[in-house]
Amino acid sequence: MSVRQSLLAILDQGPCYGYQLRAEFDRRTGSTWPLNVGQIYNTLDRLERDGLVEKDDVDEQGHVYWRITDAGAAEVRDWLAAPVERGQGTRDELAIKLAVAATLPGVDVTAIIQTQRRASLAQLQELNRAKYAGSSPDGPEELAWSLVVDSMIFAAEAEVRWLDHTEQRLALHPERTFSLELATERPKRGRPARTEAPAQDVPA
């Protein structure tokens with residue numbers, strides 16, 4: 001999730017102060033990823049450093065408004081026009097956990113999968129039961145909320161399907177087929193051993 005670009009896109013609608021930005025972000029994402037004020041101001045400081053926003057007026061209550069620069073508006077346009085790039089590799093914690101567990105001797109990977117499936121199904125049921133709590137059930141805020149929740153539902157469903165697929169694949173192999181002992185051959189690359197610098201002759 002790009003907090004940076006999201007805040008820029010909101011500022012592209014008009015100047016805002018920090019708490020206002022947080023409230024607008026919550027409105028537009030269904031409060032599913034709440035941001036703390038410190039995160040908002042840290043992001044604003046970085047955006048200012050990069051020349052994408054700048055401080056504007058201060059109101060009677062002391063709120064410092066921020067406004068987007070031309071460079072910031074251009075970044076918003078680029079962000080909205082570009083696809084979200086997914087990394088070629090995966091750093092998904094669950095995928096890494098199961099991949100490692102499947103290579104460890106004596107680990108019951110099936111039990112790990114079943115525990116995760118129960119948790120994933122419970123999350124899926126909770127998402128399917130979720131109801132919009134806002135004051136305008138047919139307004140744009142409800143639409144934003146439902147889009148985010150739908151995304152989370154589809155992701156949870158995909159996770160359950162992947163767990164089923166993983167369990168079926170592992171069932172095709174005898175126990176310990178994939179178990180890996182620690183390699184006996186030491187890697188050639190690594191941090192070199194520290195050596196003392198040779199003493200230099202000091203002229204008399």
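Buried means under 20% relative accessible area and exposed means over 50%, with partly exposed in between. Keep that scale in mind for the charged pairs below, in what is a predicted model.

By that scale Glu141 is partly exposed, with a relative accessible area of 29%. Its partner is Arg27, and the two side chains meet in a salt bridge at 2.8 Å, N to O. This one links distant parts of the chain: Arg27 belongs to helix H2 (residues 18–29) and Glu141 to helix H7 (residues 140–171), 114 residues apart. Arg27 also counts as partly exposed, at 37% relative accessibility.

In total, the structure holds 11 salt bridges. Here are three of them:

| Pair | Closest N to O |
|---|---|
| Arg27 and Glu141 | 2.8 Å |
| Asp50 and Arg4 | 3.1 Å |
| Arg49 and Asp50 | 3.1 Å |

Now to Asp50, which forms a salt bridge with Arg4. Asp50 sits in the loop between helix H3 (37–49) and strand E1 (53–58), while Arg4 is in helix H1 (residues 3–11), so the pair ties together parts that are 46 residues apart in sequence. Asp50 is partly exposed at 35% relative accessibility, and Arg4 is partly exposed too, with a relative accessible area of 27%.

Asp50 has another salt-bridge partner in Arg49. Is Arg49 buried or exposed? At 60% relative accessibility, Arg49 counts as exposed. Through shared partners, salt bridges join Arg4, Arg49, Asp50 and Glu75 into one network.

How values were computed: Residues are numbered from 1 along each chain as its sequence is written. This is a predicted model: local features need pLDDT of at least 70, side-chain atom pairs count only at pLDDT 80 or more; totals for chains, interfaces and linings use all residues. Side-chain values use heavy atoms; hydrogens and water are left out. A salt bridge is a side-chain nitrogen of Lys or Arg within 4 Å of a carboxyl oxygen of Asp or Glu. Helices (H or I, at least four residues) and strands (E, at least two) are DSSP runs, numbered from the N terminus. Buried means under 20% relative accessible area, exposed over 50%, partly exposed in between (1.4 Å probe, protein chains only).
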